[in-house]
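Student: I am new to this structure and would like a close look at a single part of it rather than a tour of the whole. Please choose one region, and explain each term when it comes up.

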Amino acid sequence: MNTLTLVHKYLRQFIRPGDCIIDATAGNGRDTQFLCELTGEAGRVLAFDIQPQAVENTKKRLTEHGWDGVGTVILDSHANMAQYARPGSVDCIVFNLGWLPGGDHSIFTHADSTIAAIQAGLELLRDGGLMCVSIYSGGASGYEERDALLEYVKTIDSKQYTVLTVQFSNRTGDPPIPVFITKSI
Ligand SMILES: C[S@@+](CC[C@H](N)C(=O)[O-])C[C@H]1O[C@@H](n2cnc3c(N)ncnc32)[C@H](O)[C@@H]1O
């Protein structure tokens, strides 16, 4: 079990056909495709990335697998996601932080825009909705984003949201940290 398999397991249980999902970090589109498969033809997946290469890769993947009618890929920062969905209308939001696999490792997610995006996303979630944030650290991206996010999530209003931060206690190095946030009903 690693962060990706844990998060995917949780998403498989949570997402229902027809759901409206946001993939906040499209990258090469693996997660976007996975989310389209879970939500199915009746659903809708909005995927964001700031890199044209990532947007192109994700569009290509969705087209090749027949999901281009469900997934929409947007070249914009996830910090602007509120411009693309109504408050309370989104079932699930997924962040897979870090850099584009196979891409330029000097371009990666940063604490300021990620926190702005999480704040925007929390407003977009419906009651009972779920946000999953996988925090990567080490290497070129360092620890600044991880440390800022781990502090930030402690400040999220506990009357409205439940925040679970998962620690892989018996792993060495910097295993990615999954954070699950649910909006109370
Ligand atoms: C680890 S990758 C995502 C992997 C992707 N989920 C997949 O399945 O291939 C992180 C992505 O976040 C993107 N990113 C960085 N800052 C961003 C921002 N402010 N808004 C949206 N995407 C951003 C990067 O360009 C990169 O493609």
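Tutor: Two strands are said to pair if DSSP finds at least two bridges between them. The strands themselves (E, at least two residues) and the helices (H or I, at least four) are DSSP runs, numbered from the N terminus. Residues are numbered from 1 along each chain as its sequence is written. The model is predicted, so local features need pLDDT of at least 70 and side-chain atom pairs count only at pLDDT 80 or more, while totals for chains, interfaces and linings use all residues.

With that in hand, let us look at strand 4 and the strands that are linked with it. On one hand, strand 4 is joined to strand 5 by 6 bridges, and the two run parallel; within this pairing, V94 stands opposite C132 in strand 5. Between these two strands the chain passes through helix 4, and the resulting β-α-β crossover is right-handed (with the strands pointing away from the viewer, the path from the first strand over the helix to the second runs clockwise). On the other hand, strand 4 also pairs with strand 1, again in the parallel sense, over 3 bridges. Here I22 has I93 of strand 4 as its bridge partner, and D23 stands opposite V94 in strand 4, so that V94 can be followed from D23 to C132 in strand 5.

Strand 4 is largely enclosed by the rest of the structure, because 7 of its 7 residues are buried (20 or more other C-beta atoms, placed from the backbone, lie within 10 Å of a buried residue's own, whereas an exposed residue has 12 or fewer).

From strand 1 we can continue to strand 2, with which strand 1 pairs in the parallel sense over 4 bridges. D23 appears once more, since it stands opposite A47 in strand 2, and A47 in turn stands opposite V73 in strand 3. Strand 2 and strand 3 run parallel and are joined by 5 bridges. The chain travels from strand 2 through helix 3 to strand 3, and this β-α-β crossover is right-handed. Strand 1, helix 2 and strand 2 likewise make a right-handed β-α-β unit.

Helix 2, which belongs to that unit, deserves a pause of its own. It is largely enclosed by the rest of the structure, because 8 of its 10 residues are buried, including D31, F34, L35 and C36. The buried residues of helix 2 pack against several elements, among them helix 1, strand 1, strand 2 and strand 4. After helix 2 comes G40, whose phi is positive, near 75 degrees.

V45, which lies in strand 2 (residues 44–49), offers a view of the same packing from the strand side. V45 counts as buried because 28 other C-beta atoms lie within 10 Å. Leaving aside neighbours within four places in sequence, V45 is in contact (C-beta atoms, placed from the backbone, within 7 Å) with residues including I21, D23, T32, L35, C36 and V70. Of these, T32, L35 and C36 are buried residues of helix 2. V45 and T58, by comparison, are 13 residues apart in sequence and 12 Å apart in space, C-alpha to C-alpha.

Several of these elements also share the largest nonpolar core (a set of buried Ala, Val, Leu, Ile, Met, Phe, Trp, Tyr and Cys residues joined through C-beta atoms within 7 Å). Of its 41 residues, A24, I93 and V133 touch the most other members. Strand 1, helix 2, strand 2, strand 4 and strand 5 are among the elements that each supply at least two residues of this core, and the largest share, 6 residues, comes from strand 5. A24 is in contact with residues including F48, I93, V94 and F95, its neighbours within four places in sequence being left aside.

For contrast, consider R12 in helix 1. R12 is exposed, because 11 other C-beta atoms lie within 10 Å. The C-alpha atom of R12 is separated by 21 Å from that of F48, with their positions 36 residues apart along the chain.

Definitions and conventions
Contact = placed C-beta atoms within 7 Å.
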